Structure formats: C-alpha cells, structure tokens
Amino acid sequence: MKNTVLTLLQQKQNGDKITMLTAYDCTTAAIIDECGVNCILVGDSLGMVMLGYENTLPVTMEDMVRHTAAVSRGAKNAFIVADMPFMSYQVSIEQAVENAGRLVKEGGANAVKLEGGAEVAGQIRAIVNASIPVVAHLGLTPQSVNVFGGFKVQGKSLEKAVKLVKDALLIQEAGACAVVLEGIPARLAEIITEKLTIPTIGIGAGNACDGQVLVYQDMLGLTRGATPKFVKRYAEIGEAMKQGINTYISETKSGEFPSQEYTYTVDEQVIKELLGEEG
Ligand code: KIV
C-alpha cells in the first residue's frame, strides 16, 4: 500500500511509529521499499555520502532532481521526500515554489523538505498552496552549519528551546505535513511531539518522536570513519563488501575466476572452421 500524507498522520494518531531511511539511487530505494519502510528521504546528505563533499552546502537542484528521479523509479510504496538544497528556497518564495515543483514534476517526489522555522514559513505556505506537501526540518539543520559553528546539538538553552517550540508550531500552522527534528535533546523533542498534531520524525532526538530517520550508509555500516552518537549500526555491509572484493581480487589473480560456470561456450565445429578460414 502506498504511504501518503494521510497514512503518516494516521500512524501518529495510532501511535504506530513511522520509519524513514535515506536513499539516493534506484537499487537501494527498491531494497528499502521492499522492506516496507514508510518514507524514503532523498536527503541533501547525498552531498556528503554520495559525492564526497564536507557538508551539504554544494548540493545543487540538478543533483537533487537526478537522484530523486532515480529513487522514484526504484520505490513503489514509500512516501518519497526530496530535500530542497541550500539556496534553492531562501532567495525568494517564487523560486522556492518553482524548485519544489521541479522535484515533484521531474523527480517524482511526493513531498519536499526544507530547513528552518519562522524564516521559511512563507515558503512553506506558498509551496503547500501549490499542492506540494512540505516536510519541515528543525534543530541541527545541516545547511546552517556555518551559523552553528559545526554540527552541534541544538535547543539546550531555555531561549533556544522556546524558539524551537515556537518554530514547530509556526511551521505546522504554515501547512507542513510533518517535521524532522534533528540533534535536539530527547525531552524537548517529546514536548514538541506532544504539542503538534503533525508527525515528528527524529534523528538524534530520542524515542518519543512519532518516527525515526537515519542515513542508510550510517545504519548499515557503509560510512567510513566516525558516526554521530545517535547512529546505531544494524549491519556491517562495508566489511561484507571488503570481504567479497578481496576474494574477487585473489580469485582473478589466481585464474580461479571465471570458472566454467561463469563462461559462455561455442560449438567446437565453429572454432575449427574459424581457425581453418584464418589459416
Ligand atoms: O539530508 C538528510 O539526509 C537529512 C536527514 C539527516 C534528516 O536531512
């Protein structure tokens, strides 16, 4: 069954936790979709985990459209959310609506996600008015890394916590269908989740949120180097890949691969005649 804004809302109302994972390509999206994950996020984290940038700021609309379209071709039932990249919605409301439209028309997204609270409420309202569902994103919003001075937990002071609660209510009022809460204390996420009628989806925000999201490379053990405290590694796919690749290297060098099983044959007569013709 296709997940929609309505099924996600029902999940919040029934206390049925929403699952969301990132994907950036057709094959991975198909696997995640087959597992029955409710939402796939084509995150601008692709800048870091797929393209090797230090942060998400260089990601372009072209990157997002291409990867969103690939994910849409692979996923049948998941609700597909596409991130609006840095500077694709901040400059003007018109540009925000136009770019959100591209992610739906060219990328096949079911919703777009953008970062921020009060300062982007106008954009959220306008995009929703254009019949495009919007997922908001509050807390440790990675596109603000330079303002935060690094990827730091947000909402720890009273002032910041009050602003986050106000922002959450504002983006709901502006028409957001859900909100991602990233890198904030669990108690604050719990309070926001109780105050909102729309679902909250947490990443590094504790288990009281209506759902959870993780970057798939992190949770499957593909990410090299350190991962944040909130990442649980459910598999070690990176190690499994290394094992397979090492075996391939040694079998290729020894000539064990490709054996008969992996080799095409031809009638000997054809070879005889071919050699005769050549001679
Ligand atoms: O870009 C992304 O993957 C995200 C998640 C971390 C929520 O925004």
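A polar contact is a pair of N or O atoms within 3.5 Å. In this predicted model, that cut-off is the one against which the distances between the ligand and the side chains around it were judged.

A polar side-chain atom of Ser45 lies 2.5 Å from an oxygen atom of the ligand, which means that this pair falls within the 3.5 Å limit. For Lys113, the separation between a side-chain N or O atom and a ligand oxygen is 2.9 Å. For Asp83, a side-chain N or O atom is found 3.0 Å from an oxygen atom of the ligand. The ligand, taken alone, exposes 260 Å², and 96% of that area is buried by the protein.

Ser45, Asp83 and Lys113 belong to a longer list of surrounding residues. The others in that list are Thr22, Leu41, Gly43, Asp44, His137, Val180, Glu182, Ile203 and Val215. Sorted by class, this shell contains four nonpolar, four polar and four charged residues. The ligand occupies the space of the largest pocket.

At the level of the whole chain, two domains are assigned: domain 1 covers residues 5-235 and domain 2 covers residues 240-278. Their C-alpha centres are separated by 47 Å.

Two local backbone features were also found. The peptide bond that joins Phe257 to Pro258 is cis, and its omega angle is near 0°. Pro258 is located in the loop that links helix H11 (237-254) with helix H12 (268-278). The other feature concerns Met87, a residue other than glycine with a positive phi, near 75°. Met87 is likewise placed in a loop, here between strand S3 (79-83) and helix H5 (93-105).

Conventions:
Residues numbered from 1 in each chain as written. Predicted model: local features only at pLDDT ≥ 70, side-chain atom pairs only at ≥ 80, totals over all residues. Heavy atoms only, no water. Near = heavy atom within 4 Å. Polar contact = N/O pair within 3.5 Å; in protein donor to acceptor, adjacent residues only side chain to side chain. Areas by Shrake-Rupley, 256 points an atom, 1.4 Å probe, with all protein chains shown as cover. 1 Å grid on protein atoms, 1.4 Å probe; cavity = no way out; pocket = protein on both sides within 12 Å on 5 of 7 lines; lining within 4 Å. Sits in = over half its atoms within 2 Å of the grid points. Nonpolar A, V, L, I, M, F, W, Y, C, P; charged D, E, K, R; others polar. Domains from an automatic or database assignment. Helix = DSSP H or I, 4+ residues; strand = E, 2+ residues; numbered from the N terminus.
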